[in-house]
Amino acid sequence: ADDQYNLYAGTSAGAASDADTCYNVGLGYQVLNKLNSGDDNIAIGNSAGYNLTDGSWNVAIGKFAGAVLTSALNSVMIGCYAGWKTTDGYNNVMLGWRPGMCNTTGTGNVYLGPTAAMTRNSSYNIAIGNEALNAAGTATDNTGGCNIALGYNSGKDITTGNNNITLGKHAGCSMETGSDNIALGRLSMGTGTVTGSNNISMGNGAGTDITSATANIFLGTTA
């Protein structure tokens, strides 16, 4: 360790570290390369935390995990390309292969699973499962926040929709701009392109044909 209690190992790791950069751990090629005032960070893996300058209390483990972070705080990014493009978002947790990869400024998100919310830039979402909340297009298209999606492909196509809850394989997977919807069960609200809001569907295949309808309740298999 150096005089500031930093531990760096690897080519160009901690290259910019100076007297007010303290208590950091950086292991790997170009890890924490630009850090010059942030404290209490841990980065392990090729270019993990590479661009972090004054952010603190972050954990980035994996190739390019959190590589573009600059002033981010209190974030955990573990896995290849986890949170790769996040710059100054804070309080994010991203675990898996490419979760939250295209997030830039989104804050307070929890993304767990391969490509969970990979193409989203928004805040206060929870996506758990392979491709949950991973909409098509780019992060500038997918800005809906405060969504909860659990399960494979759950809520996958939500773009600008907010405050939705989708639980189950393919639940709400064709939802796009609709908000305040609840879809529980495999393929619940999972076929039609949902732009309507304030709908509830519970059961295998319930509400699959909802599109622009609002304020409906569907209960039971294929209801």
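The following exercises, each with a worked solution, lead through the predicted model of this protein.

Residues are numbered from 1 along each chain as its sequence is written. Because the model is predicted, local features need pLDDT of at least 70 and side-chain atom pairs count only at pLDDT 80 or more, while totals for chains, interfaces and linings use all residues, and side-chain values use heavy atoms, with hydrogens and water left out.

**Exercise 1. The overall build**

Task: Determine how many helices and strands the protein has, and state what its C-alpha trace spans along the principal axes.

Solution: Begin with the secondary structure, where helices (H or I, at least four residues) and strands (E, at least two) are DSSP runs numbered from the N terminus. Counted in this way, the protein has zero helices and 13 strands, and reading along the sequence gives the pattern β-β-β-β-β-β-β-β-β-β-β-β-β. Next, turn to the extent of the C-alpha trace, which spans about 65 × 25 × 20 Å along its principal axes. Finally, consider contacts, meaning heavy atoms within 4.5 Å: among those between residues at least 6 apart in sequence, 2% join residues at least 24 apart.

**Exercise 2. Surface and charge**

Task: Find what share of the residues is buried, and how far apart the centres of the positive and negative side chains lie.

Solution: A residue is buried when its relative accessible area is under 20%, exposed when it is over 50%, and partly exposed in between (1.4 Å probe, protein chains only). By this rule, buried residues make up 48% of the 223 residues. The accessible surface, computed by the Shrake-Rupley method with a 1.4 Å probe, comes to about 8800 Å², and 57% of it belongs to carbon and sulfur atoms. For the charges, Lys and Arg count as positive and Asp and Glu as negative, with His and the chain ends not counted; each charge is placed at NZ of Lys, CZ of Arg, CG of Asp or CD of Glu. There are 8 positive and 14 negative side chains, and the centres of the two sets lie 16 Å apart.

**Exercise 3. Cysteines**

Task: Decide how many disulfides the structure holds, and describe the surroundings of Cys102.

Solution: A disulfide is a pair of cysteine sulfur atoms within 2.5 Å, and the structure holds zero of them. Cys102 is in no disulfide, and the nearest cysteine sulfur, that of Cys80, is 13 Å away. Cys102 counts as buried at 14% relative accessibility, and Cys173 is also buried, with a relative accessible area of 12%.

**Exercise 4. The salt bridge and two positive phi values**

Task: Identify which residues form a salt bridge, then examine the phi angles of Glu131 and Asn153.

Solution: A salt bridge is a side-chain nitrogen of Lys or Arg within 4 Å of a carboxyl oxygen of Asp or Glu. The structure holds one, in which Lys156 pairs with Glu131, the closest N and O atoms being 2.7 Å apart. The partners are 25 residues apart, with Lys156 in the loop between strand S9 (148–150) and strand S10 (165–167) and Glu131 in the loop between strand S8 (126–128) and S9. Lys156 is partly exposed at 23%, and Glu131 is partly exposed at 23%.

For the backbone, recall that most residues other than glycine have a negative phi. Glu131, although not a glycine, has a positive phi of about 65 degrees. Asn153, in the loop between S9 and S10, has a positive phi near 65 degrees, and Asn153 is buried, with a relative accessible area of 9%.

**Exercise 5. Residues 17 apart in sequence**

Task: Establish how far apart in space Gly96 and Gly113 are, and do likewise for Thr160 and Thr143 and for Gly129 and Leu112.

Solution: Gly96 lies in the loop between strand S6 (93–95) and strand S7 (110–112), and its C-alpha is 4.8 Å from that of Gly113, 17 residues away in sequence. Leaving aside residues up to four places away in sequence, Gly96 touches Ile78, Gly79, Cys80, Ala82 and Gly113.

Thr160, in the loop between S9 and S10, is 17 residues from Thr143 in sequence and 5.2 Å from it in space, C-alpha to C-alpha. Thr160 is partly exposed at 36% relative accessibility.

Gly129, in the loop between S8 and S9, is 17 residues from Leu112 in sequence, with 6.3 Å between their C-alpha atoms. Gly129 is buried, with a relative accessible area of 16%, and the residues that Gly129 touches, not counting those up to four places away in sequence, include Leu112, Pro114 and Gly151.
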